[in-house]
Amino acid sequence: MQKENQTYNIAPANRLASVSEYYFSRKLKEVAQMNAEGKDVISLGIGSPDMPPSEVTVKTLCSEAQNPDGHGYQPSVGIPELRKSFAGWYKKWYGVELDPANEIQPLIGSKEGILHVTLAFVNPGEQVLVPNPGYPTYTSLSKILGAEIVNYNLKEDEGWLPDFDELERMDLSHVKLMWTNYPNMPTGANATMEMYERLVDFARRKNIVIVNDNPYSFILNDRPLSILSVPGAKECCIEFNSMSKSHNMPGWRIAMLASNATFVQWILKVKSNIDSGMFRAMQLAAAKALEADAEWYEGNNHNYRNRRHLAGEIMQTLGCTYDEKQVGMFLWGKIPASCRDVEELTEKVLHEARVFITPGFIFGSNGARYIRISLCCKDEKLAEALERIKKLPLPAPSVER
């Protein structure tokens, strides 16, 4: 009889030594344990929209799921209805013309896209440019796939935009991809056309592919922008977009990338060997969601504005300063000089006020003096979090912004 819990002399793949468990995966298990103990933690950590998709989106899903012929495997390229809807969405909101037949690839979430693009473009040992601070998955997936990470700095005094003078001085001879993310997460810095134009020029001159991750441009942002609106950008750029944030559909795992037909075909070579497409009813519902008008987006932003005000009060109570021009679904703030360490602050808030706030160091060394508050939390819970934090012994609130 086989013994239970028998230890086998098997080691994991070497690639696992280069990464650790995703911070939020690990931390949310701790929060779940605290909740199981009755501590009622308010989570202001991850950016998982808590508002529903549009009513017509849900109705379409329910209706199409009743179709007995709609439950089979779907093509990896996505159904034509969804690709056409993505193309129409890009034309309406970004002014970008995309051929739905060969310049758009639906994705099972943007994380999948990061994996597929890296597999399609980067050989083991080659380099990728990753922002510091930046989304941790750019780094972790690149490491898993054997790429070498080269960080480039984003700094508050530069408006959290790339420092092109610094980039020009770097040895980029082995760099294949450059990850950018605007509107920026975690800092909330917005894109500008001038920045996009400089990125496209930089990519052309250095023979680098820019991958712009663009899921936040409809949240607290008056003017959505796309890097693909720069003339010639499709020749050297790929852009991700996601329905998770813009359409309140994070659990649906529906995103897309757009680029020139050749790049899309290379990525499809990878993707088609890994998955078999998304449920047809979900794709049809997503296509319907993309028809949302300005009023629907404004309804979301009305809620986010109220939450943003409360998050700002939390920042002030903690003695943090922040830029009021931030966009997106987070608020990014700098901790006071009197605070020795950001994790010391966030752990104090978690264990004494029972409020989970993200420490900025998880996004890179340039985030080491910052915290991030998610706006994906009901107003009443944000207000309760504020009251709990007000009871903590903390430095005097800052009035600077």
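**Exercise 1. Characterise the polar contact between the side chains of Ser54 and Thr57, and describe the setting of Ser54**.

Solution. The side chains of Ser54 and Thr57 are joined by a polar contact of 2.5 Å, where a polar contact is a pair of N or O atoms within 3.5 Å, one of which, within protein, must be able to donate a hydrogen and the other to accept it, and where residues adjacent in sequence count only if both atoms are side-chain atoms. The model is a predicted one, in which local features need pLDDT of at least 70 and side-chain atom pairs count only at pLDDT 80 or more, while totals for chains, interfaces and linings use all residues. Side-chain values use heavy atoms, with hydrogens and water left out, and residues are numbered from 1 along each chain as its sequence is written.

Next, place the residue: Ser54 sits in the loop between strand 1 (42-44) and helix 2 (55-65), helices (H or I, at least four residues) and strands (E, at least two) being DSSP runs numbered from the N terminus. With a relative accessible area of 11%, Ser54 is buried; the classes are buried under 20% relative accessible area, exposed over 50% and partly exposed in between, with a 1.4 Å probe and protein chains only. Finally, once neighbours within four places in sequence are left aside, Ser54 is in contact (heavy atoms within 4.5 Å) with Ala289 and Trp296.

**Exercise 2. Determine which residues of helix 5 are buried, and what covers them**.

Solution. Helix 5 spans residues 136-144, and its buried residues are Pro136, Thr137, Tyr138, Leu141 and Ser142. A general point helps in reading such a list: an α-helix has 3.6 residues a turn, so residues three or four places apart point the same way. The cover over the buried residues of helix 5 includes helix 4 (110-121), together with strand 3 (127-132), strand 4 (148-153), strand 5 (175-181) and strand 6 (209-213). After helix 5 comes Gly146, which has a positive phi near 85°.

**Exercise 3. Locate the cis peptide bonds at Pro183 and Pro186, and give omega for each**.

Solution. Tyr182 and Pro183 are joined by a cis peptide bond with omega about -5°, and Pro183 lies in the loop between strand 5 and helix 7 (193-206). Met185 and Pro186 are likewise joined by a cis peptide bond, with omega about 20°, and Pro186 has its place in the loop between strand 5 and helix 7.

**Exercise 4. For Asp40 and Asn207, state phi and decide whether each residue is buried, partly exposed or exposed**.

Solution. Begin with Asp40, a residue other than glycine whose phi is positive, near 50°; Asp40 belongs to the loop between helix 1 (23-36) and strand 1, and its relative accessible area of 36% makes it partly exposed. Turning to Asn207, phi is again positive in a residue other than glycine, near 55°; Asn207 is in the loop between helix 7 and strand 6, and at a relative accessible area of 69% Asn207 is exposed.

**Exercise 5. Describe the surroundings of Gly78 and Thr358**.

Solution. Gly78 is located in the loop between helix 2 and helix 3 (80-94) and, at 4% relative accessibility, counts as buried. Not counting residues up to four places away in sequence, Gly78 touches Arg83, Pro106 and Gln283, whereas the C-alpha atoms of Gly78 and Val175, 97 residues apart along the chain, are separated by 31 Å.

Thr358 belongs to strand 11 (residues 355-359) and is buried, with a relative accessible area of 0%. Leaving aside neighbours within four places in sequence, the residues in contact with Thr358 are Phe24, Leu44, Gly45, Thr346, Phe363, Ile371 and Arg372.

**Exercise 6. Relate the radius of gyration of the protein chain to the globule rule**.

Solution. The chain contains 13 helices and 12 strands. Its radius of gyration is 22 Å, close to the 21 Å that the globule rule gives for 401 residues, so the chain is as compact as a globular protein of that length; the radius is taken over C-alpha atoms, and the rule is 2.2 Å times the number of residues to the power 0.38. Buried residues account for 53% of the 401 residues, and among contacts between residues at least 6 apart in sequence, 76% join residues at least 24 apart.
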